[in-house]
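Work through the exercises below with the model open beside the text, and try each task before reading its solution.

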Amino acid sequence: MPTFATGLPRPDPLADPAVAAQHLAEAVVAAGAVAVEMFRAGVKSWSKHNDSPVTEADLAVDAMLRERLSLLGPDYGWLSEETVDEPSRLARRRVWIVDPIDGTRAYMAGRADWCVEAALVEDGRPIAGALFAPVTEELFIAVLGGGATRNGQPIRVSATPALAGAVIDGPAPWLAHLDRAGSWQRVDRIRSLALRLARVATGELDAALASPNGNDWDLAAADLLVHEAGGRLTTLDGRPLAYNAPVPRHGALVSAGSLLHPALVALAR
């Protein structure tokens, strides 16, 4: 760690999560602009080993974010969808967790439901996060203990207490299961999981469901958004998510306002 001439450790400029969140916000906005410009110019795409698509823009944005964030927190770990995993992150208290483009299929199709997201995780939980949806020009920022905003305005989850009439998005099999439990409202599927969760944070969705195998980079920034907006994102047994594990992957998840969440967890079990 760099030191002053006196030999004392240099203070971490990102010690305050609010400062980290502001840097994250600036980074994802800049990254979003790169992704949009590359789309307009036409980007090449191919399939990864798991048959999910990746584009030149995914890699360019990933490289940009890593360079920028690593300068800010050079001693932090790094975890990203488009970077080979480095086990050294497991020894770090703080880790950058990034998805350069969440919703790559939507991005490739010219849809609006994709975003750039980045979070700073400390001891397994996000303390600062930012998510930028370039097409709709929405910037979401969350700070642990400091609330959540969209374009500078505070956001809050809905106060819907029951399934009846609730607006819900998620995988088709889950929604079919809910059909048997009551009457609720469907919406067009939001391809980006992070953006789907952000819509819970704003109250536009009363709840969102996620299939198993969501990764840390899909979830960390949006997780903090939901919680700082007064909602919950948990496993089916009601536990919060832990990040920066050796396998950064999660099971099925439920996100909703605090009033509706218990009922959805009970239905999902």
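**Exercise 1. Find the helices that lie across the seven-stranded sheet, and describe how H5 and H6 pack on each other.**

Begin with helix H5 (residues 193-202), which lies across strand E4 (94-102), E5, E6, strand E7 (138-143) and strand E8 (147-150) and runs at about 75 degrees to E7. Helices (H or I, at least four residues) and strands (E, at least two) are DSSP runs, numbered from the N terminus, while axes are lines fitted to C-alpha atoms, for helices over the stretch in contact, and angles run from 0 to 180 degrees between N-to-C directions. The model is a predicted one, in which local features need pLDDT of at least 70 and side-chain atom pairs count only at pLDDT 80 or more, whereas totals for chains, interfaces and linings use all residues. Residues are numbered from 1 along each chain as its sequence is written, and side-chain values use heavy atoms, with hydrogens and water left out.

Next, take helix H6 (residues 216-228), which lies across E3, E4, E5, E6, E7 and E8, running at about 100 degrees to E6. H5 and H6 pack at an angle of about 0 degrees, and their axes are 9 Å apart. That makes H5 roughly parallel to H6, a label for angles under 35 degrees, with over 145 counting as roughly antiparallel, 65 to 115 as roughly perpendicular and the rest as oblique.

Finally, list the contact (heavy atoms within 4.5 Å): Leu 193, Ala 194, Leu 197, Ala 198 and Ala 201 in H5 meet Asp 218, Leu 219, Ala 222, Leu 225 and Val 226 in H6. These residues divide into 9 nonpolar, no polar and 1 charged, where Ala, Val, Leu, Ile, Met, Phe, Trp, Tyr, Cys and Pro count as nonpolar, Asp, Glu, Lys and Arg as charged, and the others, Gly among them, as polar.

**Exercise 2. Give the strand order of that sheet and identify its edges.**

The sheet is open, and its 7 strands follow the order E3-E4-E5-E6-E7-E8-E9 with mixed pairing; two strands pair if DSSP finds at least two bridges between them. Strand E3 (77-80) and strand E9 (153-154) stand at the edges with a single partner strand each, so one side of each is left without a neighbour in the sheet. Within the sheet, strand E5 (residues 115-122) pairs with strand E6 (residues 125-133) in the antiparallel sense over 7 bridges, and Leu 120 has Ala 128 in E6 as its bridge partner.

**Exercise 3. Describe the second sheet and the helices placed on it.**

This open sheet has 5 strands in the order E11-E10-E12-E16-E14, again with mixed pairing. Strand E10 (residues 167-169) and strand E12 (residues 207-210) pair in the parallel sense over 2 bridges, with Ala 208 in E12 as the bridge partner of Asp 169. Helix H4 (residues 172-179) lies across E10, E11, E12 and strand E16 (253-257), at about 125 degrees to E12. H6 also packs on this sheet, touching E14 and E16, and its direction makes about 135 degrees with that of E14.

**Exercise 4. Decide how H1 and H2 are oriented.**

Helix H1 (residues 17-41) and helix H2 (residues 56-72) pack at an angle of about 155 degrees, with axes 9 Å apart. The two helices H1 and H2 are therefore roughly antiparallel to each other. By class, their contact has 15 nonpolar, 1 polar and 3 charged residues.
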